[in-house]
Structure formats: C-alpha cells, structure tokens
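Open the model in your viewer and keep the sequence panel beside it. This tour goes from one selection to the next and says what is there each time.

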Amino acid sequence: MIKVLVADDQELIRQSLQIVLDSKENIEVTDVAANGQEVIQCVRRQRPDVILMDIRMPKMDGVQCTKIIKENYPDIKIIILTTFDDDEFVYNALKFGASGYLLKGVSMDELVDAIVTVYSGRAMINPDIATKVVRLFSQMAKADYTIPVGIKDESDLTKTEWKVVAEVEKGASNREIAERLCLSEGTVRNYLSAILNKLDLRDRTQLAIWAVQTGVGKRRPD
C-alpha cells in the first residue's frame, strides 16, 4: 500500500484527489494539507511514501516545503503539481529533490501511474512540460549547481548506455527512448538503472542535469 499525502490550497482539489485516490486498491491517502506548514506537520504525524505537492501554497510554497522535507526525510518522494506557467519554480524544486512534475488537469490514470513510478524510485515528468524542463536544465548548466561524476565512472558506460543518456538529455520518455533505439521499455529501464548505479546518481533527474551540464550527447563514444 502506497501512503500518499495530498497538499493543495484549494479544498475542492484536496477532497477530489482524496476520494479518487482512496478508491485505488494500492493507494491510501493518509492526510491532506492546505499549505507547506501543514505538510510538515502531517509528515511528522504520519510519514507518507509520496507527497502530491501544489507548487503555489500560502505560508510556505511547494518549493521551500520540498527543500525542508527532502533534507529531513530523503526517502519521501515528492511530485510537484504545477500549471504550465510556473517555470520559475521548476529549477529549485528539482534541485531540492522533487521526483517529478505533473500538470494540474492530468487524468487520474496518469496521476496514479506517476505515484507508482516515483514510489518505485524513478522520476516522472509530464511529457507536456518535458521540453521546458530540458530548457531549464540548460540554464542550470550555466549556474553553480553541479552534479559530480568521476571520469572513471563515465568510462564504465557502454555505447548503448551513452545513447540512452543522450536521449535522457533531450527529455525523452522511456517509451520514446525504446522506439528510437529499437529496445523494449523494460530494457530501457534496466539500462537506466545500470547507468545510475555506475555514475552513483540518485535518479533520472540528476542524470538529466548532469547530461545537460556536461554535454554528453556531443562527446559520447561513436
């Protein structure tokens, strides 16, 4: 059973998400919160596995709340719920450890899939904002936030793994990578797991940031 905390300043959204998610046999909504301060209180009271975090909340927004939660409870996965014009929040929420971004208004099936995805340790970025995230990664590459990877770790990657990294750099989903490289989605997941292990990176988000910062797509082995 995946324990989920719903955080949104709109009561109707909180209640709707709670009702729908509680109807899923593998998900339990353990608490709801209207702002970042309430999120922290809820986490202390009953630690969830996944938090659905509205980016814009009173008293403490989703970015600051993500930072505090990940510093104190690094195992909790956080999915940011956002609108298409929230670009300024994307950088910091990912920097502080959010596992994914979803646009408000996604279908419930997509939301459930995202919860299961991040619970299993993978990252989830809504395809509609993947391009914007990649653009922000490019901006991050010029900033002071770096992902350290050793040269020896890089040399352990196979040619196919480099190709997978290059696709991640472009913001491609597992399905898109599978199609472009003529692989199954399961094989792509296995490659990603091996890549993260070799590079000692936490998740797909860190991999994408590192890929953009270092320009691996331009210098991978042929």
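## Stop 1: two positive phi angles

Select K59, which is exposed, with a relative accessible area of 68%. Bear in mind from here on that this is a predicted model. K59 sits in the loop between β3 (50-54) and α3. Its phi is near 70 degrees, a positive value in a residue that is not glycine.

Now select D200. Is D200 buried or exposed? At 67% relative accessibility, D200 counts as exposed, since the cut-off for that word is over 50%. D200 lies in the loop between α10 and α11 (204-214). The phi of D200 is near 55 degrees, again a positive value in a residue other than glycine.

## Stop 2: the whole chain

Zoom out and colour by secondary structure. The protein chain has 12 helices and six strands. Of its 222 residues, 49% count as buried. Look also at how the chain meets itself: among contacts between residues at least 6 apart in sequence, 67% join residues at least 24 apart.

## Stop 3: helix α10

Go back to D200 and step to the helix that comes before it, α10 (residues 185-199). This helix has 15 residues and reaches 21 Å from its first C-alpha to its last, close to the 21 Å expected at 1.5 Å a residue.

Show the side chains of V188, L192, I195, L196 and L199, which are buried. Why do they lie on the same side of α10? They cover an arc of only 95 degrees around the axis, which puts them on the same side of the helix. An α-helix has 3.6 residues a turn, so residues three or four places apart point the same way.

Turn the helix over: on the other side of α10, N190 and N197 are exposed.

Keep V188 selected and add E176. E176 belongs to helix α9 (residues 174-181). It is partly exposed, with a relative accessible area of 33%. E176 and V188 are 12 residues apart in sequence, and their C-alpha atoms are 9.9 Å apart in space.

## Stop 4: helix α1

Select residues 11-22, which make up α1. At 1.5 Å a residue, the 12 residues of α1 should span 16 Å, and the end C-alpha atoms are 16 Å apart, which agrees.

Which residues of α1 are buried? They are R14, L17 and L21. These residues cover an arc of only 75 degrees around the axis, which puts them on the same side of α1. The face turned away from that buried side carries the exposed residues L12 and I19.

Now display what lies against the helix. The buried residues of α1 pack against β1 (2-7), β2 (27-33), β3, β4 (77-82) and α5.

## Stop 5: the second largest pocket

Keep α1 on screen and turn on a surface. Rolling a probe the size of a water molecule over the atoms shows where empty space is left.

The second largest pocket has a volume of about 150 Å³. To find it, select D8, I13, S16, L17, L81, L103, K104, G105, V106, M108 and L111, which line it. L17, one of the buried residues of α1, is part of this lining.

Which helices each supply at least two residues of the lining? They are α1 (11-22) and α5 (108-119). The largest share, three residues, comes from α1. By class, the lining has seven nonpolar, two polar and two charged residues.

## Stop 6: A98 and K70

Select A98, in the loop between α4 (87-95) and β5 (100-103). A98 is buried, with a relative accessible area of 0%. Not counting residues up to four places away in sequence, it touches T66, I78, I80, A93 and T205. Add I76 and draw a distance line: the C-alpha atoms of A98 and I76 are separated by 9.4 Å, though the two residues are 22 residues apart along the chain.

Finally, select K70 in helix α3 (residues 62-72). Is K70 buried or exposed? At 13% relative accessibility, K70 counts as buried, because the word applies to values under 20%. Leaving aside its neighbours within four places in sequence, K70 is in contact with I76, I78, F96 and G97. I78 is thus a contact of K70 and also one of the residues that A98 touches.

Note on methods:
Residues are numbered from 1 along each chain as its sequence is written. This is a predicted model: local features need pLDDT of at least 70, side-chain atom pairs count only at pLDDT 80 or more; totals for chains, interfaces and linings use all residues. Side-chain values use heavy atoms; hydrogens and water are left out. Helices (H or I, at least four residues) and strands (E, at least two) are DSSP runs, numbered from the N terminus. The expected span of a helix is 1.5 Å times one less than its number of residues. Buried means under 20% relative accessible area, exposed over 50%, partly exposed in between (1.4 Å probe, protein chains only). The arc is that of the directions from the helix axis to the C-beta atoms. Contact means heavy atoms within 4.5 Å. On a 1 Å grid over the protein atoms alone, a cavity is a set of points where a 1.4 Å probe fits but cannot get out, and a pocket is an open set with protein on both sides within 12 Å along at least five of seven lines; lining residues have an atom within 4 Å of a point. Grid points are joined across faces, edges and corners, and a volume is the space filled by probe spheres set on the points. Ala, Val, Leu, Ile, Met, Phe, Trp, Tyr, Cys and Pro count as nonpolar, Asp, Glu, Lys and Arg as charged, and the others, Gly among them, as polar.
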